[in-house]
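The following briefing concerns a single protein chain and is arranged by topic. Please consult the sequence and the structure alongside the text.

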Amino acid sequence: MAAVDLAEHEGMLCATSHIYPYNNPDEAHSVKQGRMGRVFALVQAASPRGAQQERKPAENYVPGIKCSASEDKDGDPKEELRKKSEEMELKLERAGMLVTGLAGEKARWEETVKGLEEDLGYLVGDCLLAAAFLSYMGPFLTSYRDEMVNQIWIRKIWELQVPCSPRFTFDSFLSNPTKVRDWNIQGLPSDAFSTENGIIVTRGNRWALMIDPQAQALKWIKNMEGSQGLQIIDLRTSDHLRILEKAIQFGYPVLLQNVQEHLDPALNPVLNKSVARIGQGPSLLRPCGGRVTTAGCWGDGSAHTWSHGVFALDPPVGTGGRLLLRIGDKEVEYNTNFRFYITTKLSNPHYSPETSAKTTIVNFAVKEQGLEAQLLGIVVRKERPELEEQKESLVISIAAGKKKLKELEDETLRLLNEATGSLLDDVQLVSTLQTSKVTAAEVTEQLETSETTELNTDLAREAYRPCAQRASVLFFVLNDMGCIDPMYQFSLDAYIGLFILSIDKSHRSNKLEDRINYLNEYHTYAVYRSQGSAPPPRQEPRL
């Protein structure tokens, strides 16, 4: 019995001695590490090279020693997945912003592309008509322009089977509504005839000579170029050439007013654009009428081509060197920002073929429709000043809104065209598109509100149109009387002053119809008295 108990105690003691080291974690760790060291020592003794290679991955399992270093080197898969997830969420957000930003443009751009593809097929004939109109239609009135384009030119083009737009209009082909609105704000009448004249003046290759008996073009040019340092000269002043030379050198616009049927020969180099390039770059010549060019060298030995009329250098063509223009015996450096306008108050001048070849003659004689619009604005400004102020502010607001929309569209297309790689990686592009979308929505809403208000304002202004129509007819009656005798000529400024005086002195009435009748009667009588007080025309002696 005692032997049995002793054997049991010995077995329990042995088991306890083996289990005890593992009861303490630190001791268990030491025991395991010691065993692992003995095992690797045996392996290294058997194969040192293999043990060295196997020991490196095994060391990663030693707690607190090598694991963190391996994780920093190889990277945690969870961390990489988290970063990829964040990147995908950001791209998904950008994709949503991109789709939202371009969704509103899709329908409009599809219509625009369709229209442009259709217009592309008519481009040859439309360019031919526009070039002919720009070159030859300036001196003529609306009726002749319409007859020439619609009944002669377009029919001839169709007979020759040249593709041409069936609804071609010169103003829509060579201008945009935003630019035309700016011209109207600057004083150019809003009728189609005046718009065509504005295009001819600004897009023509030759400097414009404007027939302007009522000073309509004079007012428009002053407002349009006033902020650019406009220089106004007259051939009767002694220093007009000096001012012209300074403007050519520094790129200021120049307005030569009140010319007669013969221009100063000293202006020929300016009218011909006889510019020579000194230095680098070839001289490219274009026909412009006159004698043949001659070539030679200037004082510094550099080659030049000097135009006497048949050819003249377009200033922007070529690279390098200096542009020089000779006025009399002086050589003036030519600035490509220089612009030259000429006006005359003669109602029916007769210019020589040479003058017609050097300039683009444009007839700005006031038309009944354009004068009617001006007189309507005057009478509404006097009778209902709040309506006219609202009208003017709306015109400016709508013009600015449409200009902003055009700029946003151009910016969006530019960014899309210049984008490289994935659009989702271009943070600036997505941000700009989103900003443009928000701004475009605001501007569109503002334009809708402004145009609705403008329609209501126009309806209220239309009530005064009978006054403008009567006054416009009376002015052209006076204008025709000048054909009987020059003493009956009546300037537009004087007539507008008489019209304002009639508005102020005519009988007032709370009823609009009565007020319009009183104004028409008073102004008709005032026009009659203004001409009746003039002496009778001179009687020619009878033979």
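**Briefing on the predicted model**

Lys382 and Asp504 form a salt bridge in which the closest N and O atoms are 3.2 Å apart. Because Lys382 belongs to helix H15 and Asp504 to helix H19 (residues 492-505), the pair ties together parts that are 122 residues apart in sequence. The model is a predicted one, and the points below treat its overall make-up, its salt bridges, its cavities and two buried residues.

**Overall make-up**

- The secondary structure of the protein chain consists of 20 helices and 12 strands.
- The chain has 543 residues, of which 34% are buried.
- Among contacts in the chain with a separation of 6 or more, 72% are between residues 24 or more positions apart.
- The exposed area of the protein chain is about 33,000 Å², and 55% of this area is supplied by carbon and sulfur atoms.

**Salt bridges**

- Side chains of opposite charge can pair when their charged atoms come close.
- The whole structure contains 16 salt bridges.
- In the Lys382–Asp504 pair, Lys382 counts as partly exposed at 38% relative accessibility, and Asp504 likewise counts as partly exposed at 38%.
- A salt bridge also joins the side chains of Glu383 and Arg508, with an N to O distance of 3.1 Å. This pair links distant parts of the chain, 125 residues apart, with Glu383 in helix H15 and Arg508 in the loop between H19 and helix H20 (512-532).
- Glu383 is buried, at 17% relative accessibility, whereas Arg508 is partly exposed, with a relative accessible area of 46%.
- Glu79, Arg82 and Glu86 are joined into one network by salt bridges that share partners.
- The side chains of Arg322 and Glu333 meet in a further salt bridge, at 3.9 Å from N to O. Since Arg322 is in strand E9 (residues 322-327) and Glu333 is in strand E10 (residues 330-333), this pair ties together parts that are 11 residues apart in sequence.
- Arg322 has a relative accessible area of 43% and is therefore partly exposed; Glu333, at 36% relative accessibility, is also partly exposed.

**Cavities**

- Rolling a probe the size of a water molecule over the atoms shows where empty space is left.
- A search of the whole structure yields two cavities of 30 Å³ or more.
- The largest cavity holds about 70 Å³ of space. Its lining is made up of Pro189, Asp191, Phe193, Ser194, Asn197, Gln216, Phe364, Ala365, Val366, Lys367, Gly370 and Gln374.
- Helix H10 (192-203) and helix H15 (368-383) are the elements that give two or more residues to the lining of the largest cavity. Of the elements, H10 gives the most, with three residues.
- By class, the lining of the largest cavity comprises five nonpolar, five polar and two charged residues.
- The second largest cavity holds about 30 Å³ of space. The residues lining the second largest cavity are Asp212, Ala215, Leu218, Asn258, Thr343, Thr344 and Lys345.
- The lining of the second largest cavity divides into two nonpolar, three polar and two charged residues.

**Met210 in strand E1**

- Met210 is located in strand E1 (residues 208-211).
- Met210 has 0% relative accessibility and so counts as buried.
- Leaving out residues up to four places away in sequence, Met210 touches Val201, Ala217, Ile221, Tyr341, Ile342, Thr343, Thr344, Val362 and Phe364. Among these residues, Phe364 also lines the largest cavity, while Thr343 and Thr344 also line the second largest cavity.
- Met210 and Ala365 are 155 residues apart along the chain, and their C-alpha atoms are separated by 9.1 Å. Ala365 is one of the residues that line the largest cavity.

**Arg461 in helix H17**

- Arg461 is part of helix H17 (residues 427-462).
- The relative accessible area of Arg461 is 9%, so this residue is buried; the cut-off for buried is under 20%.
- Apart from neighbours within four places in sequence, Arg461 is in contact with Leu376, Gly377, Val380, Glu388 and Lys391.

Note on methods:
Residues numbered from 1 in each chain as written. Predicted model: local features only at pLDDT ≥ 70, side-chain atom pairs only at ≥ 80, totals over all residues. Heavy atoms only, no water. Helix = DSSP H or I, 4+ residues; strand = E, 2+ residues; numbered from the N terminus. Buried < 20%, exposed > 50% of the residue type's maximum accessible area, 1.4 Å probe, protein only. Contact = heavy atoms within 4.5 Å. Areas by Shrake-Rupley, 256 points an atom, 1.4 Å probe, with all protein chains shown as cover. 1 Å grid on protein atoms, 1.4 Å probe; cavity = no way out; pocket = protein on both sides within 12 Å on 5 of 7 lines; lining within 4 Å. Points joined across faces, edges and corners; volume = space filled by probe spheres on them. Nonpolar A, V, L, I, M, F, W, Y, C, P; charged D, E, K, R; others polar. Salt bridge = Lys/Arg side-chain N within 4 Å of Asp/Glu carboxyl O.
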